[in-house]
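User: I am new to this structure and would be grateful for a close look at a single part of it. Please concentrate on the middle domain, and then place that domain among its neighbours.

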Amino acid sequence: MVVAGCLSQRIGDALFQEVPGIDAIVGLEQRDNISNIILDSFGTSQPGAYMEPLLGRSKHEIGDDSTRLLIGPRHSAYLRISEGCNHTCTFCTIPSIRGPFRSKPQAQAVEEARELVESGVVELNIVSQDTTTYERDLKQRHGLARLLEQLATLDQLDWIRLMYIYPAGVSDRLIETIQSSDKIIPYLDMPTQHANDGVLKAMKRADTQARLRDLIERLRREIPDIVIRTTVIVGFPGETEEAFSELLEFIKWAQYDALGAFQYYRERGTPAAAMDNQVPASVKKERLERLMLAQQEIAFAKNSARVGSRISCLIDTISEEGTATARYYGQAPDIDSVCLIPNCTAQPGEFVEGRVVDYDHYDLLVKQD
Ligand code: SF4
């Protein structure tokens with residue numbers, strides 16, 4: 001068992017004590033050596049930690065993701081366009097682990113995308129810690145919009161999906177770019193974290209509720225079929241019942257298509273962990289339940305309204321009984337609900353047209369044409 005990523009960088013060889021059976025722990029700076037590390041671990045029963053001091057690389061260096069092996073479906077892949085983050089959200093430890101924001105050069109990102117598309121990828125999910133900031137470290141304006149325009153020229157690519165959009169970074173140019181392309185699907189994963197101005201300020205987020213409302217209205221007006229997913233934290237230090245109620249009202253108003261909600265976690269070494277107005281665990285739990293129930297009503301009502309409509313679905317897998325697990329553009333891989341299509345005749349990676357005939361909780365039931 002090889003452990004790699006933020007957690008291994010953060011905790012290092014202390015993970016050996018916490019999780020028995022680990023063969024190797026791989027720090028972020030050692031990621032590109034992972035195949036050699038795996039081969040080495042076959043030759044020894046001695047576990048190894050392959051770590052380097054944080055931020056050992058030059059500030060502008062970002063790893064090369066080309067020639068990678070896709071271990072998931074062959075038709076859908078993540079394209080990492082930057083590394084690190086310059087924001088200082090008080091609950092988050094990622095900048096201390098991943099370092100300052102640095103963009104992958106546009107030519108490199110496009111080349112990696114081309115390679116993925118040539119290997120059969122039809123859906124590219126654009127990821128980073130802060131997608132909207134792309135190329136601002138290189139003093140370029142509208143970097144993300146320009147990159148998207150380049151990616152949209154790849155012939156065999158059908159869907160380009162944007163993840164981790166920082167709301168304050170959404171520009172008119174970005175909205176226009178999404179609007180004007182068939183390939184950049186109208187889907188935004190846009191974490192808002194909270195909606196009460198006091199909590200947003202304590203979180204050191206750049207948004208206010210008024211600006212968030214304005215942005216959501218603008219997105220819905222300019223891109224009528226847009227699907228918006230968000231993430232919020234409940235029980236942040238100092239979140240009063242009134243502040244939580246404001247968040248709840250905002251969520252009901254915003255009518256997000258999908259929402260991930262988390263109880264605030266006191267992340268070691270972050271400013272928020274040291275705040276003295278922590279919210280009791282029982283209150284956090286109760287608030288999370290109230291929020292998720294409110295969102296459930298919204299999601300089920302949206303699903304109900306979709307019954308009878310026609311959609312185009314990308315097939316992810318087919319069961320032995322012939323039921324496809326698929327997604328329409330409003331469903332991101334791994335995190336969102338899915339479409340279930342019984343008696344499906346298509347193969348993974350193909351698109352099928354169909355009609356929504358029912359829904360089962362968050363999932364849609366679709367009849368293929
Ligand atoms: S929450 Fe996101 S934007 Fe904020 S510091 Fe962490 S990675 Fe950066």
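Analyst: What follows describes the middle domain first and the two flanking domains afterwards.

The model is a predicted one. According to the domain assignment, the protein comprises domain 1 (2-50), domain 2 (76-305) and domain 3 (310-368). Domain 2 is therefore the part requested, with the bounds 76-305.

The sheet of the middle domain

An open sheet of six strands runs in the order S4-S7-S8-S9-S10-S11, and its pairing is parallel. At its edges stand strand S4 (76-80) and strand S11 (258-263), each of which pairs on one side only. From one strand to the next, the twist averages 20°. One pairing within this sheet may be followed residue by residue: strand S7 (residues 123-127) and strand S8 (residues 159-162) are joined in the parallel sense over four bridges. There, Asn125 has Arg161 in S8 as its bridge partner. As a general matter, strands of a sheet pair through backbone hydrogen bonds, either parallel or antiparallel.

The helices of the middle domain

Helix H11 connects the account of the sheet with that of the helices. H11 lies across strand S10 (227-234) and S11, and runs at about 175° to S11. Helix H11 (residues 281-306) also packs with helix H10 (residues 241-254), at an angle of about 15° and with the axes 10 Å apart. Because of that angle, H10 is roughly parallel to H11. The crossing in which H10 passes H11 is right-handed. On the H10 side of the contact are Phe244, Leu248, Ile251 and Lys252, and these meet Arg287, Arg290, Leu291, Ala294 and Gln295 in H11. By character, the residues of this contact of H10 with H11 comprise five nonpolar, one polar and three charged.

A second helix pair is formed by helix H5 (residues 106-118) and helix H6 (residues 143-151), which pack at an angle of about 35° with their axes 10 Å apart. H5, too, passes H6 in a right-handed crossing. The contact brings Gln106, Ala109, Val110 and Ala113 of H5 against Leu147, Gln150 and Leu151 of H6. In the contact of H5 with H6, five residues are nonpolar, two are polar and none is charged.

The flanking domains

In the region of domain 1, three strands form an open sheet in the order S1-S2-S3, with parallel pairing. Strand S1 (2-4) and strand S3 (48-50) are the edge strands; each has a single partner strand, so one side of each is left without a neighbour in the sheet. The twist in this sheet averages 10° from one strand to the next. S1 and strand S2 (residues 24-26) pair in the parallel sense over three bridges, and Val26 in S2 is the bridge partner of Ala4.

In the region of domain 3, strand S12 (residues 310-318) and strand S13 (residues 324-327) pair in the antiparallel sense over four bridges, with Ile315 opposite Ala326 in S13. These two strands form a hairpin with five residues between them, and Gly322 in the turn has a positive phi of about 90°. S13 also pairs with strand S14 (residues 339-341), again in the antiparallel sense, over three bridges. Here Ala326 stands opposite Cys339 in S14.

Finally, the C-alpha centres of domain 1 and domain 3 lie 37 Å apart.

Key
Residues are numbered from 1 along each chain as its sequence is written. This is a predicted model: local features need pLDDT of at least 70, side-chain atom pairs count only at pLDDT 80 or more; totals for chains, interfaces and linings use all residues. Axes are lines fitted to C-alpha atoms, for helices over the stretch in contact, and angles run from 0 to 180 degrees between N-to-C directions. Angles under 35 degrees count as roughly parallel, over 145 as roughly antiparallel, 65 to 115 as roughly perpendicular and the rest as oblique. A crossing is left-handed if the near helix is turned anticlockwise from the far one by less than a right angle, and right-handed if clockwise. Two residues are in contact if their C-beta atoms, placed from the backbone, lie within 7 Å. Ala, Val, Leu, Ile, Met, Phe, Trp, Tyr, Cys and Pro count as nonpolar, Asp, Glu, Lys and Arg as charged, and the others, Gly among them, as polar. Two strands pair if DSSP finds at least two bridges between them.
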